[in-house]
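Me: I am new to this structure and would like a close look at one part of it. Please take me through its interior and whatever packs around it.

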Amino acid sequence: KVNRLFHPDDSVIKVNDRSIGGDKLAIIAGPCSIESEDQIVTIAKKVKESGASFLRGGAFKPRTSPYSFQGLREEGLELLKLAREKTGLPIVTELMSADYVERFLEDVDIIQIGARNMQNFDLLKEVGKTNKPILLKRGMSATIEELLMAAEYIMSEGNENVILCERGVRTFENYTRNTLDLSAIPVIKKLSHLPVIVDPSHAAGLWWLVEPLAKAAVAVGADGLMIEVHNDPANAKCDGQQSITPERFGSLMKTLKEIAKIE
Ligand code: PEP
Ligand code: MN
């Protein structure tokens, strides 16, 4: 089902009255994690003002250490919904456990499956039984073939609303958090009809690399970008060092508008 051979036209995934794929660039922006009502609503309003079409924010966070901030969980979902109410931006958030599928179906517009769960096959099958758009992130050590087969797990259950996300892979290089695999975008687009977006924030791990990588992603044909934006990066509970401020996000959007049509 992911294979372009049997589906020559590019897929466009509908999300409410918006879409991902096709001839426009979809911009998803927001903090790594939802921290408070003031934080998520402030950021949501600012990214909307600059032209983002979707709001991201983690409520359930897959952290390396069990002692790190794990997200506001259900309370986070409620705050994210509030930010949607105040801005009209559709919301994207990560689902880590099948226990919350029903809740996410009701509450969110796009379900994110994170890098660490790309091959959680039971979770993939569960979201495959729904008709919700799924943002499937590439595992940090997954090949393109493995990413496509993970998408196949979702699609084989009946849900063809899958958006793929390149977010960098692990290499010997450790200056950056991951290495953005720019070749993956044209390769995936050759092999599959699914839209592919790029997350330069998790690829870089450094805020000042986000803009050049975002531009490079557009140049190689990405259908969209997911960018971490925080109003106080120095005090962010998660991923502050790779988060750009709303002001920088605004100037990045101006640049992007010069090189692409924005959704
Ligand atoms: C995220 O988008 O917040 C995230 C945890 O990303 P990844 O799964 O790509 O590490
Ligand atoms: Mn993050």
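Reply: Let's start in the largest nonpolar core, which has 75 residues; those touching the most other members are Leu136, Ala151, Ile163, Leu164, Ile197 and Leu225. Helix α5, residues 144–156, gives the most to this core: six residues. A nonpolar core here is a set of buried Ala, Val, Leu, Ile, Met, Phe, Trp, Tyr and Cys residues joined through C-beta atoms within 7 Å. Buried means that 20 or more other C-beta atoms lie within 10 Å of a residue's own, exposed means 12 or fewer, and partly exposed is in between, with C-beta atoms placed from the backbone. Helices (H or I, at least four residues) and strands (E, at least two) are DSSP runs numbered from the N terminus.

Please keep in mind that this is a predicted model, in which local features need pLDDT of at least 70 and side-chain atom pairs count only at pLDDT 80 or more, while totals for chains, interfaces and linings use all residues. Residues are numbered from 1 along each chain as its sequence is written, and chains are lettered from A and ligands numbered from 1 in the order in which they are written.

Now zoom in on Leu164. Beyond its neighbours within four places in sequence, Leu164 is in contact (C-beta atoms, placed from the backbone, within 7 Å) with Leu136, Leu147, Ala151, Ile188, Leu194 and Val196.

Next comes the barrel. Eight strands close into it with parallel pairing, in the order β3-β4-β5-β6-β7-β8-β9-β10. On average, neighbouring strands of this sheet are turned by 25 degrees against each other, direction ignored. Strands pair if DSSP finds at least two bridges between them. Strand β3 (residues 26–30) and strand β4 (residues 54–56) do so in the parallel sense over two bridges, and Ile28 stands opposite Phe54 in β4.

Ile28, in strand β3, is a good place to pause. Why is Ile28 called buried? Because 28 other C-beta atoms lie within 10 Å, Ile28 counts as buried. Apart from residues within four places in sequence, its contacts are Ala52, Phe54, Arg56, Val92, Gly224, Leu225 and Met226; one of these, Leu225, also belongs to the core residues listed at the start.

Further along the barrel, strand β5 (residues 91–94) runs parallel to β6 and is joined to it by three bridges, with Glu94 opposite Gln112. In a regular strand, side chains alternate between the two faces of the sheet. Strand β6 (residues 110–113) is covered on both faces: Ile110 and Gln112 are buried on one side, Ile111 and Ile113 on the other.

Helices lie against these strands. Helix α1 (residues 37–50) lies across β3 and β4, at about 155 degrees to β3. Helix α6 (residues 184–191) packs on the sheet, where it touches β8 (162–166) and β9 (196–198), and its direction makes about 170 degrees with that of β9. Axes are lines fitted to C-alpha atoms, for helices over the stretch in contact, and angles run from 0 to 180 degrees between N-to-C directions.

Finally, look at helix α8 (residues 207–219), where Trp207, Val210, Leu213, Ala214 and Ala217 are buried. The buried residues of α8 pack against α6, β9, α7 (200–204), β10 (224–228) and α9 (246–259). Just after α8, Gly221 takes a positive phi of about 105 degrees.

Terms used
Contact = placed C-beta atoms within 7 Å.
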